[in-house]
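The following exercises ask the reader to work through a protein structure step by step. Please attempt each task before reading its solution.

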Amino acid sequence: MRDNPFIAEYNTIHNTTPFKLIETEDYEPAILEGIRKQNEAILQITDNIEKPSFDNTIVALECSGELLDRVITVFSNLLSAETNDKLQELAERLMPMVSEHSNNILLNEKLYARIKEVYNSDESSNLNYEQTMLLNKTYDSFVRHGANLGNSEKDIYRSLTSKLTTLTLKFSQNILKETNNFQLVIDNEDDLQGLPEYSIKAAKELAEKKGKTDSWIFTLHAPSMVPFLKYCNKRELRETIYKSYNTICTHDNEYNNLTIVKDIVNTRFEIAKVLGYESFADYVLKNRMAKSCEEVYKLLDELYDAYMPVAKKEVKEVEDLAKSLEGDDFVLMPWDWSFYSEKLKKNRFDINEEVLRPYLELSKVIDGVLGLASTLYGIQFRENNYIQVYNEDVKAYEVFDNDGKFLSVLYTDFHPREGKRSGAWMTNYKEQWKDKSGDSRPHVSITMNFTKPIGDSPALLSHSEVNTFLHEFGHALHGIFADSTYQSLSGTNVYWDFVELPSQIMENYANEKDFLNTFANHYKTGEQIPSEIIQNLIDASNFNAGYLCIRQLSLGYLDMAWYGRRSKFEGDVMVYEKEVFEKTKLLPSVDGCCMSAQFSHIMSGGYSAGYYSYKWAEVLEADAFSVFKNNGIFNKSVAASFRENILSKGGTKNPIELYKSFKGSEPTIDALLRRNNIIN
């Protein structure tokens, strides 16, 4: 045990994770030791003969499990960013054990009795706001995880949560493996017509790595698939890619997720039922800004009514263009949407993402995004090659405040690889908290799947990839500026329908001329991005806004359809999904396609009964960003207020109070509708 890097003192820069020392076989003994140590700490709390108090019960529980949390954090993060077969096999064995350990704590009657006594004591009325939030969150967490159940119900709850852990893990593993198993091999160069040069080169480079020197290989990873659907002239090949992606984990093989979807949904329903709720959504939304299914549907329906007429008009315009090129009998299918809408965008605004790529070289974009944070908040980023990382693609930065004080470590991981799941996300390798030793600062990570360097050429990003970078960096700022006493209230530990506010605020800068001019220079000539390109980009910023909104609403409706159910699901997953999508359908349905089978956000992520939160937060950020727009997008006093009232406070206050402290009023939907030109 003394040689286990998790159990020994790290002795690294800022106590960062010693990735180079960690072996797969280190996780299990470290997790077992972490469980043992936390059990000891819990026993000390429950056996304490002193009257239960905030310090000897609530804070003591908050501080327990440091070793276990450290190991599980690294293990879970690498399951997403740097996984392999051994790690996944280990997860199948260990994660149910960790789930059971969590249940043992949350269902500990003696521990709950002490927490409940503190919650009902006179002391609770004398706590400060943050202490009150921690007390309420702790008490509520025990109640919501079965502490008030009878013994037989507790046994049922244990069984269900253990089952859910296994199901969600298998769901995620299947998606990764099925995605990695696909490749479209093209042997005829004529089939590449329409594709941009960088996409062709990347496909050739991949084929050569696979030993197919006279071929080109395309995959279902975003940097390969997205431009293929957008530019490839061969309609039948676009159809192949589209169907391959949208039928992930629906095939008759070991990676099929259809039964798992049903089991996940029904297991969550049973968990909600045993806890006294009519649906899993009712259970989840009790602790969200939305509060109820009715409020979620109210938002979704209000946006639907506003955007659906616009979306239908946009689809008609794309369809008309396609028919003008292909003939009146042409039927616009989903695999045609990106291709013809990109042509319409080019015709209307004289712009496409390929025009922008030479000006969006990754290292310059990094400088621009980090520079934006420096401009707004005065913070500085210094790359430190001595901080250990888990893959050679990863870079580590030290982040310092405007007074030179150390704020955080920031890890950046930009490119796809077989051991990384798709998408983009922010996470922490260490949260922020305060104790007798001082302010323990966080280690924040942003992980993406961007276009890779090709040959001697650097990584040239699409504008949408820059937008994604800004989004995840907004989450990172939420972590970097964390200023809470307690870890469980720190940084992004806020309501799910509030957590997307900082990330979506940052997205706005992708269409701001003054920001783009700080870094967008041609990677070969150094020429600044021409002003007419920026203006065309701004003019096109609302292109297909209706279609995109309806697309996201369709996912929100699907999420609520699965988790708002008042009964178990016994039907056909594909049929049910098709029925849900009927309301928002803008293009013909395609047999065999199924979003639910690969919808990680709501099946294995944290967005079950919460996908609506993207639109909820978009309403917030459109309203909040108006403060920046009205006072200047680089206004330091506005940024300081945003940092103080939104980014730093974490879960220490109610989100509406946080929002009102920044904006001065409650948010309205009108700001979003005006931005998208839905209303004047």
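**Exercise 1. Determine whether Ala609 is buried or exposed, and describe its backbone.**

Solution. Step 1: the relative accessibility of Ala609 in this predicted model is 0%. Step 2: a residue counts as buried under 20% relative accessible area, and therefore Ala609 is buried. Step 3: Ala609 belongs to the loop between α24 (600-603) and α25 (613-631). Step 4: although Ala609 is not a glycine, its phi is positive, near 60°.

**Exercise 2. Classify Lys291 by its accessibility, and state where it is found.**

Solution. Step 1: Lys291 lies in the loop that runs between α12 (280-285) and α13 (293-326). Step 2: this residue, which is not a glycine, has a positive phi of about 75°. Step 3: the relative accessible area of Lys291 is 47%. Step 4: the partly exposed class lies between the limits of 20% and 50%, so Lys291 is partly exposed.

**Exercise 3. Give the strand order of the open sheet of five strands, and explain why one side of β3 and of β6 has no neighbour in the sheet.**

Solution. Step 1: the order is β3-β4-β5-β9-β6, and the pairing is mixed. Step 2: β3 (380-383) and β6 (425-430) stand at the edges; each has a single partner strand, so one side of each is left without a neighbour in the sheet. Step 3: on average, neighbouring strands of this sheet are turned by 25° against each other, with direction ignored.

**Exercise 4. Establish the sense in which β3 and β4, β4 and β5, and β5 and β9 pair.**

Solution. Step 1: β3 and β4 run antiparallel and are joined by four bridges. Within β4, Val399 is the bridge partner of Phe381. Step 2: β4 and β5 also pair in the antiparallel sense, over six bridges. Here Val399 stands opposite Ser408 of β5. Step 3: the hairpin of β4 and β5 has five residues between the strands, and in it Gly404 takes a positive phi near 90°. Step 4: β5 (residues 406-413) and β9 (residues 443-447) pair in the parallel sense, over five bridges. Tyr411 has Ser445 in β9 as its bridge partner.

**Exercise 5. Identify which strands are touched by helix α3 and by helix α16, and state how many residues of β4 are buried.**

Solution. Step 1: helix α3 (residues 66-81) packs on the sheet and touches β5, β6 and β9. The direction of α3 makes about 150° with that of β6. Step 2: helix α16 (residues 362-377) packs on the sheet as well, touching β3, β4 (395-400) and β5. The direction of α16 makes about 140° with that of β3. Step 3: β4 is mostly covered, with five of its six residues buried.

**Exercise 6. Find which residues of helix α2 are buried and which helices they pack against.**

Solution. Step 1: in α2 (residues 54-63), the buried residues are Phe54, Asn56, Thr57, Ile58, Val59 and Leu61. Step 2: the buried residues of α2 pack against α1 (24-46), α4 (85-106), α5 (109-119) and α6 (129-144). Step 3: Gly65, just after α2, takes a positive phi of about 80°.

**Exercise 7. Describe the largest cavity by its volume and its lining.**

Solution. Step 1: rolling a probe the size of a water molecule over the atoms shows where empty space is left. Step 2: the largest cavity has a volume of about 40 Å³. Step 3: its lining includes Val265, Phe269, Trp562 and Lys568. Step 4: α11 (258-274) and α22 (545-563) are the elements that give two or more residues to this lining. The largest share, four residues, comes from α11. Step 5: by class, the lining of the largest cavity divides into six nonpolar, two polar and three charged residues.

**Exercise 8. Describe the second largest pocket by its volume and its lining.**

Solution. Step 1: the volume of the second largest pocket is about 640 Å³. Step 2: 24 residues line this pocket, and Leu206, Thr219, His221, Pro416 and Lys452 lie nearest its centre. Step 3: two or more lining residues come from each of α8 (197-209), β2 (216-218) and α9 (222-231). Helix α8 gives the most, with seven residues. Step 4: the lining of the second largest pocket has 11 nonpolar, seven polar and six charged residues.

Definitions and conventions. Residues are numbered from 1 along each chain as its sequence is written. This is a predicted model: local features need pLDDT of at least 70, side-chain atom pairs count only at pLDDT 80 or more; totals for chains, interfaces and linings use all residues. Side-chain values use heavy atoms; hydrogens and water are left out. On a 1 Å grid over the protein atoms alone, a cavity is a set of points where a 1.4 Å probe fits but cannot get out, and a pocket is an open set with protein on both sides within 12 Å along at least five of seven lines; lining residues have an atom within 4 Å of a point. Grid points are joined across faces, edges and corners, and a volume is the space filled by probe spheres set on the points. Ala, Val, Leu, Ile, Met, Phe, Trp, Tyr, Cys and Pro count as nonpolar, Asp, Glu, Lys and Arg as charged, and the others, Gly among them, as polar. Two strands pair if DSSP finds at least two bridges between them. Axes are lines fitted to C-alpha atoms, for helices over the stretch in contact, and angles run from 0 to 180 degrees between N-to-C directions. Contact means heavy atoms within 4.5 Å. Buried means under 20% relative accessible area, exposed over 50%, partly exposed in between (1.4 Å probe, protein chains only).
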